[in-house]
Amino acid sequence: MVRPATVAPLRRHRTRLAWAALAPALAAVAAVAGWPLLRTLSLAFTDARLATIETARWVGLENFAWTLSDPDWWRAVFNTLVFAVCSVSLELVLGLAFALLLNAGLRGQGALRAVALVPWAVPTVVAAQVWRWMYHDVHGVVNELLLGLGVIAQPVAWLADPALSLAAVILTDVWKATPFVTLLLLAGLQTIPAPVIAAARLDGAGPLDLLIRIILPLLRPAIVVAVLFRALDALRVFDLIYVMTSNSRATATVSIYTRQALIDFQDLGAGSAAAVLTFALIGMVAVAAVFALRPATGVAR
Amino acid sequence: MRRRRLARIGLYLGAGAFLAFTLFPVYWAAVSSLESGAALFTIDYWPRDPAWENYSDVFADQPFGRNIANSVIVATLTVGLSLALAAGAGFALGRVSFRGRRLMLAVVLATTMFPQVAVLAGMFELIRGLGLYNNLAGLALSYLLFTLPFTVWVVTTFMRQVPAEIEAAALIDGAPPWRVVWSILLPLVRPGLVTAGLLAFIGAWNEFLFALTFTLTDAARTVPVAIALISGASQYELPWGRIMAASVIVTLPIVALAAVFQRRIATGLAAGAIKG
């Protein structure tokens, strides 16, 4: 037993040790997240260009006013929200179906789970190039399959047609991210005790009752987390759209818009204003989701 | 009885649909990578006469070997840096209860939601200021933005699960604290370090936006940028066979890693997300 008199200095020593061990990681977070974010915020109020950061002048809210009056910005906001809502809801529905399937006690389940990791592991740029090739208007396999099935009468230019390109990109994201949602929901399903399901069956619950009344409520924490993670990723999507459709207005998201202003137009002021607005948009969604999540799991422990 | 058999058949059909949806694009990339010339432009579901020249062309027409080496270096640096920082932070946040612990954990985890473009301007300036533009070390540094939150989280979670008695026994034996961390705690949380390291490696290997923005020449380009920028004789004639070959080359090691460590990755993702 340690005598009480020695406990206090020991604890103080340990606290100092903890801060010393934590300091390098905190310094790194400050350097790669805190500082760049603050710089972006302050550049947003200046007329800085990429070549003239040092001589930038304060211009107040001009960059924000300019961005908020740019129809391309609002188009990007609209595209981002459509992309996020459609891809995340499709991924949730498909992911739930696949997770129930992988939890049903089929033979070869381990192999199926390994397969589920494949699209998740494929680099996004690669997924974008592969789907771009499959969507090719003349030689693409998607057109070939759909023509063969009689769904379309003539080849479609999936990525060039502004009416279709956003949907085509969303489908690619669904392919890439559904496995992630599947694995999260599968982990959630496996925490539901078998006796709960068995008891509900004994009480005469049909499959649909079981899903809606028992499984979905118990799965809620996993669903909320999957939606939160996916929504954060979908709202900042860049790689997929940049590679598949370049800077086309029909699919440009807020990330595409921001990088174009910053790097292609070298307009650090306006680009930073767009970056700040992007951050605010994503921050609002994240805070809303964390509040929705809190009663279910208790995040801060 | 019959209904059950029907349900069973339905399940296997569902599994088949799942397999087709998940694997077809990968299969199609592999088939296309083995076709060249006119064969590429006719739809064959099996390469009738496999041509391997796309694979050699990828290395001959551009410095793809250099790009692969760059990706390996950046990913390795990122993993090393992230794990070194996360080991200390994980010890502090997982083993010691001090005032401000929850706040610090929240600060680290909050960076998960930082969109990369939101810090792009400031990061560009930082990297240029440090003289790390077009430099692999600069890329690895910037990647800490997205690797640190989850590596710290995974290591902290594993640190918490080590029974207090083990650490107390070593301390009572008179071992200095750094030795307790180094030779008792770190070996015990090795599964956590491996999981976190794998996820960090995959994240760094696949990253595109920073690599596109902070590198300029082929000498510093990583694989995703190289694949995105492969171009052919004209804007309208992309060398699809070569692009697919390059895609297969960079995807194979990652898929192999994911397959070997699938249980770890799946639990890592679930632990990171379910408890996060």
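# Group meeting: a two-chain helical model

Okay, let's start with chain B. A compact globule of 276 residues would come out near 19 Å in radius of gyration, but chain B has 23 Å. Before I go on: this is a predicted model, so please hear everything that follows with that in mind.

So what is chain B built from? There are 13 helices and 0 strands. If you read from the N terminus, every entry in the pattern is α, that is, α-α-α-α-α-α-α-α-α-α-α-α-α. For the overall dimensions, take the principal axes: the C-alpha atoms of chain B fill a box of roughly 75 × 70 × 35 Å. As for burial, 47% of the 276 residues of chain B count as buried.

Next, contacts within the chain. If you take the contacts in chain B with a separation of 6 or more, 76% of them are between residues 24 or more positions apart.

Now the domains. Where are the domain bounds in chain B? The assignment gives domain 1 as 2-41 and domain 2 as 53-274. The C-alpha centres of domain 1 and domain 2 of chain B lie 31 Å apart. The two do touch: 7 residues of domain 1 of chain B are in contact with 8 residues of domain 2 of chain B. On the domain 1 side of that contact you find 3 nonpolar residues, 3 polar and 1 charged.

Let me zoom in on one spot in domain 2. B:Val189 lies in the loop between helix H8 (177-188) and helix H9 (190-206) of chain B. Is B:Val189 buried or exposed? With 24 other C-beta atoms within 10 Å, B:Val189 is buried, because the cut-off for that is 20 or more. Leaving out residues up to four places away in sequence, B:Val189 touches B:Val155, B:Phe158, B:Met159 and B:Val162. And then there's B:Ala87, which is 102 residues from B:Val189 in sequence, while the C-alpha to C-alpha distance is 9.4 Å.

Since we're here, a look at H8 of chain B itself. Its 12 residues should span 16 Å at 1.5 Å a residue, and the end C-alpha atoms are 15 Å apart, which agrees. Which residues of H8(B) are buried? Those would be B:Val180, B:Val181 and B:Leu185. They cover an arc of only 95° around the axis, so they sit on the same side of H8(B). Go round to the other side of H8(B) and you meet B:Trp178, B:Ser183 and B:Pro187, which are exposed. And what covers the buried residues? The cover includes helix H3 (64-95), helix H6 (136-160) and helix H7 (164-172) of chain B.

Right, over to chain A. Here we have 12 helices and 0 strands. Chain A's radius of gyration is 25 Å, well over the 19 Å that the globule rule gives for 301 residues, so chain A is more spread out than a compact globule. Along its principal axes, the C-alpha trace of chain A spans about 85 × 75 × 30 Å. Buried residues make up 43% of the 301 residues in chain A. For contacts in chain A between residues at least 6 apart in sequence, 71% join residues at least 24 apart.

Chain A also gets two entries in its domain assignment, domain 1 (1-43) and domain 2 (61-297). How far apart are their centres? Taken over C-alpha atoms, 36 Å separate the centres of domain 1 and domain 2 of chain A.

One helix from chain A that I'd like to show you is H4, residues 109-121. H4(A) has 13 residues and reaches 19 Å from its first C-alpha to its last, close to the 18 Å expected at 1.5 Å a residue. Its buried residues are A:Val115, A:Ala116, A:Leu117, A:Pro119, A:Trp120 and A:Ala121.

Last topic: how the chains meet. How many residues go into the contact? There are 78 residues from chain A and 77 residues from chain B. On the chain A side, helix H1 (residues 4-43) gives the most, with 20 residues. And what kind of residues make up that side of chain A? They divide into 59 nonpolar, 12 polar and 7 charged.

That's my tour. If you want to follow up in the structure, start at B:Val189, in the loop between H8 and H9 of chain B, and then go across to H1 of chain A, where the side touching chain B gets 20 residues.

Terms used: Residues are numbered from 1 along each chain as its sequence is written. Chains are lettered from A and ligands numbered from 1 in the order in which they are written. This is a predicted model: local features need pLDDT of at least 70, side-chain atom pairs count only at pLDDT 80 or more; totals for chains, interfaces and linings use all residues. Helices (H or I, at least four residues) and strands (E, at least two) are DSSP runs, numbered from the N terminus. Ala, Val, Leu, Ile, Met, Phe, Trp, Tyr, Cys and Pro count as nonpolar, Asp, Glu, Lys and Arg as charged, and the others, Gly among them, as polar. The radius of gyration is taken over C-alpha atoms; the globule rule is 2.2 Å times the number of residues to the power 0.38. A residue is buried if 20 or more other C-beta atoms lie within 10 Å of its own, exposed if 12 or fewer, and partly exposed in between; C-beta atoms are placed from the backbone. Domain bounds come from an automatic or database domain assignment. The expected span of a helix is 1.5 Å times one less than its number of residues. The arc is that of the directions from the helix axis to the C-beta atoms.
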